[in-house]
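I opened the notebook today to look up a few things about packing, pairing and helix faces. Here is the model I worked from.

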Amino acid sequence: MTSSALRPDTGPVLRDFGGGPFGIYIHVPFCATRCGYCDFNTYTAGELGTSASPQSWMDALRGELRTAAEVFGALPGPQPDVSTVFVGGGTPSLLGGDGLAEVLDAVRANFTLAADAETTTESNPESTSPRFFERIREAGFTRVSLGMQSAAEHVLRVLDRTHTPGRAVAAAREAKAAGFDHVNLDLIYGTPGETDADLDASLDAVLAAGVDHVSAYSLIVEDGTAMARKVRRGELPAPDDDILAARYERIDARLATAGLSWYEVSNWAADDSARCHHNLGYWDGGDWLGAGPGAHSHLGGVRWWNVKHPARYADHVAEGGLPVAGWEALTAEERYTERVMLVVRLRSGLPLGDLDPAGRGAADRIVADGLARVDRDRIVLTARGRLLADAVVRELLT
C-alpha cells in the first residue's frame with residue numbers, strides 16, 4: 001500500500017484524531033549484535049552489508065515524517081500537538097548523541113511538540129558515555145530507558161547481552177548527572193540459570209542506581225530466535241511458570257518497599273511524572289505515528305505497518321510514498337477486545353461501564369475469585385490477579 005491509501009480521499013478514511021494523546025514512535029533497526037532472545041525487527045551491520053546504513057535510514061526517516069505530516073495535515077479538524085516521542089529499537093544509542101539529536105530535529109521540523117512533551121530514547125549501556133547523555137539532554141530528550149536485564153554475568157551470557165554487569169548502573173548515574181530526572185532500567189527475569197540470589201543482586205543494583213522507573217519482563221522464548229532453537233534442542237530449559245510467578249512477587253515486593261509502585265503489570269514508577277506516558281498512550285487507546293522500518297501506527301481505529309527491511313523501507317520513501325506494508329480498519333469488536341486486553345493491565349483499572357453484559361458477568365466471577373477488586377466502578381487487578389492477567393483477560397472476553 002502506498003501513502004495514497006492513507007489519504008482522506010482513498011482507501012480507509014482517516015477521519016480525525018481520537019481526541020486522546022498523540023505520540024510518535026521512531027524505530028531504529030540497528031544493533032551491534034543480536035541477542036538470543038530477541039525477535040524485534042533489528043539488523044547487525046553484517047546482516048545489512050551495503051544495502052542500508054544509518055545515513056540512508058536517517059534520510060528515509062526525514063522523508064517519511066515529511067510525508068506523514070502532509071497526510072495528517074489534510075485531515076479535517078486540528079492536528080494535536082505531539083505529547084510523546086519514543087525512539088526505540090534496535091539500539092538507538094548506536095546513532096550517537098548527534099544522530100539522536102538529528103532524529104528529534106526531524107520530528108520538530110514536521111510536527112509540533114507540546115511544551116511538556118515527554119521525549120524518550122532507549123539506549124544500550126555499552127554505547128553510552130557521560131558526553132552522550134549530555135548531548136541528548138541538550139537536544140531535548142527528557143527521559144532515558146536503559147537495557148540492564150540482569151546484574152549477573154552468567155545470566156547476561158545466556159541472553160547474549162554484550163554489556164558488563166555494572167555498566168547499566170554506571171550509565172544510569174551518568175544520565176542523572178547529565179540532568180535527566182527520568183531514567184528507566186529494564187530487567188528480564190526467569191532466564192535459565194538465574195537464581196533468587198541473582199535476581200536480588202539485580203534489584204540491589206537497580207535500587208542503588210536511584211532510577212525512578214523500572215520495567216521487569218518475564219523471559220519469553222519467541223519462535224525463530226536463537227534461544228528457541230537452544231530450548232528445542234534441549235540445551236536450555238524452558239522458563240518455569242511457577243518460578244516466573246515467584247520472581248515477579250519478589251520484584252514487586254522489593255520495588256514497593258523502595259517506593260516504586262506498579263502502574264502497569266510490568267512497570268513500576270516513583271510517582272505519576274516518572275511513568276512512561278508514551279506507553280500509557282498505547283495502553284489507553286491513544287493515537288500514534290510509527291516511523292521507521294517495521295513500525296506500526298494507529299489513528300482513529302485504523303492501523304498500518306511499515307515494510308521491515310531498511311533497504312526496502314528507504315526505497316518506498318524515495319518513491320514519494322509512505323513505506324506501508326499493510327493496514328486494517330479495526331472493527332468495533334476488535335477495538336473492544338484490545339481495550340480490555342490493555343486497560344485491565346493498568347493500576348487505574350478498566351471501567352465496568354466499558355464491558356458488555358457478558359464481560360460484567362465475568363468481572364463478578366473474577367472479583368469473587370480474588371483476582372480483582374472493584375474500585376470506583378473500575379475492575380482493578382489484585383496482586384494474584386497480576387500473576388494471572390492473561391487468564392483474567394480471557395475470562396472477560398469469553
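**Entry 1: the cores**

I started with the largest nonpolar core, which has 103 residues in this predicted model. I26, W57, F72, F111, F133 and L396 have the most contacts inside that core. I then asked which helix gives the most to this core. Helix α2, residues 54-73, does, with 9 residues. A general point for the margin: in soluble globular proteins, nonpolar side chains tend to be buried together.

I picked F133 for a longer look. Leaving out residues up to four places away in sequence, I found F133 touching T128, V144, L146, A171, E174, A175, A178 and F180. I also noted a second, separate core of 11 residues, with C35, V155, L159 and L236 among them.

**Entry 2: strand β4**

Two of the contacts of F133, V144 and L146, took me to β4, where both residues point the same way together with M148. R143, S145, G147 and Q149 point the other way from the strand. I jotted down the general rule here: in a regular strand the side chains alternate between the two faces of the sheet.

Is β4 mostly covered or mostly uncovered? The strand, residues 143-149, is mostly covered, and 7 of its 7 residues are buried.

Next I looked up the pairing. β3, residues 113-123, runs parallel to β4 and is joined to it by 4 bridges. One pair I checked is T121 with V144 in β4. β4 and β5 also run parallel, with 6 bridges between them. There I looked at R143, whose bridge partner in β5 is H182.

**Entry 3: helix α9**

β5 came up again when I turned to α9, since this strand (182-189) is included in what covers the buried residues of the helix. I listed those buried residues as L244, R247, Y248, I251, D252 and L255. Down the axis of α9 they fall within an arc of 135 degrees, so they line one face of the helix. On the other side, I found D242 and T257 exposed.

The cover of the buried residues also includes α7 (196-209), β6 (213-218), β7 (261-264), β8 (267-269) and α14 (383-387).

Does the length of α9 agree with what is expected, or disagree? Its 17 residues, 241-257, should span 24 Å at 1.5 Å a residue, and the end C-alpha atoms are 25 Å apart, which agrees.

I finished with the two ends. At the start of α9, a side-chain oxygen of D240 comes to within 2.9 Å of the backbone nitrogen of D242. Just after the helix, G259 has a positive phi of about 95 degrees.

**Entry 4: helix α13 and its neighbours**

I repeated the check on α13, residues 357-368. This helix has 12 residues and reaches 17 Å from first C-alpha to last, close to the 16 Å expected at 1.5 Å a residue.

Which residues of α13 are buried? They are G359, A362, A363 and I366. Seen down the helix axis, these residues fall within an arc of 110 degrees, so they line one face of α13. P357, D364 and A368 are exposed on the other side. After the helix comes G370, with a positive phi near 80 degrees.

I wanted to know what covers the buried residues of α13, and the list includes α12 (332-343), β14 (372-375), β15 (378-381) and α15 (389-397). The two strands in that list led me to an open sheet of 3 strands, in the order β13-β15-β14 with antiparallel pairing. β13 (350-351) and β14 are the edge strands, each pairing on one side only. Between β14 and β15 I noted 4 bridges, and V374 has I379 in β15 as its bridge partner.

**Entry 5: T84**

My last stop was T84, found in strand β2, residues 82-89. Is T84 buried or exposed? T84 is buried, at a relative accessible area of 6%; the cut-off for buried is under 20%.

Not counting residues up to four places away in sequence, T84 touches F22, G23, I24, E118, H277 and H278. With H278 there is also a polar contact between the two side chains, at 2.8 Å. For scale, I noted S53, which lies 31 residues from T84 in sequence and 26 Å away in space, C-alpha to C-alpha.

Conventions:
Residues are numbered from 1 along each chain as its sequence is written. This is a predicted model: local features need pLDDT of at least 70, side-chain atom pairs count only at pLDDT 80 or more; totals for chains, interfaces and linings use all residues. Side-chain values use heavy atoms; hydrogens and water are left out. The expected span of a helix is 1.5 Å times one less than its number of residues. Buried means under 20% relative accessible area, exposed over 50%, partly exposed in between (1.4 Å probe, protein chains only). The arc is that of the directions from the helix axis to the C-beta atoms. Contact means heavy atoms within 4.5 Å. A polar contact is a pair of N or O atoms within 3.5 Å; within protein, one must be able to donate a hydrogen and the other to accept it, and residues adjacent in sequence count only if both atoms are side-chain atoms. A nonpolar core is a set of buried Ala, Val, Leu, Ile, Met, Phe, Trp, Tyr and Cys residues joined through side-chain atoms within 4.5 Å. Two strands pair if DSSP finds at least two bridges between them.
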